[in-house]
Amino acid sequence: MNLDKKLQKVINALGQHNDDSAVAVLDRIGTNCADDEVRRLTAKALVERNTEDSLSLVISEPGKGINDLSTNVAMSTINEILSLKDKERAMKILSKVEETNEDKNVKETARSVKALINFA
Amino acid sequence: MEIRSISEKIFKTSPNKIENNQNQSNHSNPFGVSFNGNVVKADVFESKEKSNVAFKGAALAEKVSNRSKMVISTIVGSVNSMNQAISSRLDSVVSFGRRIGERVTMTWNCMNPTNWRRNLIEVGRRSTEMVKTNILDRSLKNHSVEALSEMFEELASARCAKEVIA
């Protein structure tokens, strides 16, 4: 098995782990990694986990998830949010970020994603 | 008398001819079978007088030759028909063998040994990977967060290093 596949498996394993401390590991190592692919896979795993902690990371943090500096990573995260079966938690967090966040760009991005979810 | 004798010779008539014929035919035709007033000739019936050795031999020879001709013609006919039957069967066998050979060649060409082997190798490689992935999946789920964290760190560093080299 090559490196990329192993990496994907480890990230998925952390995303599905029962222990909530896995989110902190993903945040510490994954979302801060210099490699775009690692950040993309980490954001995807966090969205799929669909908990408040994991969604907050990818929605409200600047430079992470939907606010990533790489367009590829940001668009991939937005797609994952749109693919969620249960979007209730994501909508709540998006609304909260739209209303309360200090960063203007983060607010704009959250508003856009919320509109996309409503449109879909 | 002389005229009569001459006329008899010419026209081959005699007053006793019928009797002679009858007498002759009585010897050879004991039942006196006649047809249109003419008594049936002696050669229809067998008579001791006429069954001499030479006649018997000639008749026998004729019979033998006729029968031998019949036998020979039968044999030749049967041999010819056998030849035809055998050759037709051989032809069908040969054509069948040729068809099988052509189909085998066609199948082999279609399969194209190099592609077939390459595909088989690819299938083997993918199935091995799938098995390894399944095993890894199951084993990773049982790992602790700390162990996974270490693995994640190693792999992420390796990937970053790979990107830098590239």
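The following exercises, each with a worked solution, concern a predicted model.

Residues are numbered from 1 along each chain as its sequence is written, and chains are lettered from A in the order in which they are written. In this predicted model, local features need pLDDT of at least 70 and side-chain atom pairs count only at pLDDT 80 or more, whereas totals for chains, interfaces and linings use all residues; side-chain values use heavy atoms, with hydrogens and water left out.

**Exercise 1. The nonpolar core**

Determine how many residues the largest nonpolar core has and which elements supply it.

Solution.
- Step 1: recall the terms. A nonpolar core is a set of buried Ala, Val, Leu, Ile, Met, Phe, Trp, Tyr and Cys residues joined through side-chain atoms within 4.5 Å. Buried means under 20% relative accessible area, exposed over 50%, and partly exposed in between (1.4 Å probe, protein chains only).
- Step 2: state the size. The largest such core has 40 residues, and L14(A), I59(A), I81(A) and F152(B) have the most contacts inside it.
- Step 3: assign the elements. Helices are DSSP runs (H or I, at least four residues), numbered from the N terminus. At least two core residues each come from α1, α2, α3, α4, α5, α6 and α7 of chain A and from α5 of chain B. The largest share, 6 residues, belongs to α3(A).
- Step 4: examine one member. Contact means heavy atoms within 4.5 Å. Beyond its neighbours within four places in sequence, I59(A) is in contact with residues including I66(A), I81(A), L94(A) and V106(A).
- Step 5: place this in context. In soluble globular proteins, nonpolar side chains tend to be buried together.

**Exercise 2. Salt bridges**

Describe the salt bridge of D68(A) and R39(A), and then those of R111(A) with E98(A) and E108(A).

Solution.
- Step 1: apply the criterion. A salt bridge is a side-chain nitrogen of Lys or Arg within 4 Å of a carboxyl oxygen of Asp or Glu. The structure holds 12 of them over all chains.
- Step 2: take the pair D68(A) and R39(A). Their closest N and O atoms are 2.9 Å apart. D68(A) lies in the loop between α4 and α5 of chain A and R39(A) in helix α3, 29 residues apart. Both residues are buried.
- Step 3: turn to R111(A) and E98(A), whose side chains meet at 3.2 Å, N to O. This pair joins helix α7 to helix α6 of chain A, 13 residues apart.
- Step 4: add E108(A), which forms a salt bridge with R111(A) at 2.7 Å between the closest N and O atoms. Both lie in helix α7 of chain A, 3 residues apart, about one turn of the helix.
- Step 5: combine the results. Through shared partners, salt bridges join E98(A), E108(A), R111(A) and K114(A) into one network.

**Exercise 3. The interface**

Characterise the interface between chain B and chain A.

Solution.
- Step 1: count the residues. In contact are 22 residues of chain B and 27 residues of chain A.
- Step 2: give the area. Buried area is the accessible area (1.4 Å probe) that two parts lose on being put together, summed over both. Here it is about 2,100 Å², and carbon and sulfur atoms give 75% of it. V145(B), F152(B) and R159(B) supply 35% of the area that chain B buries against chain A, more than any other three residues.
- Step 3: list the charged links. There are 2 salt bridges between chain B and chain A. D35(A) and R159(B) meet in a salt bridge at 2.5 Å, N to O.
- Step 4: locate the helices. α4 and α5 of chain B each supply at least two residues of the side of chain B that touches chain A, and α5(B) gives the most, with 13 residues.
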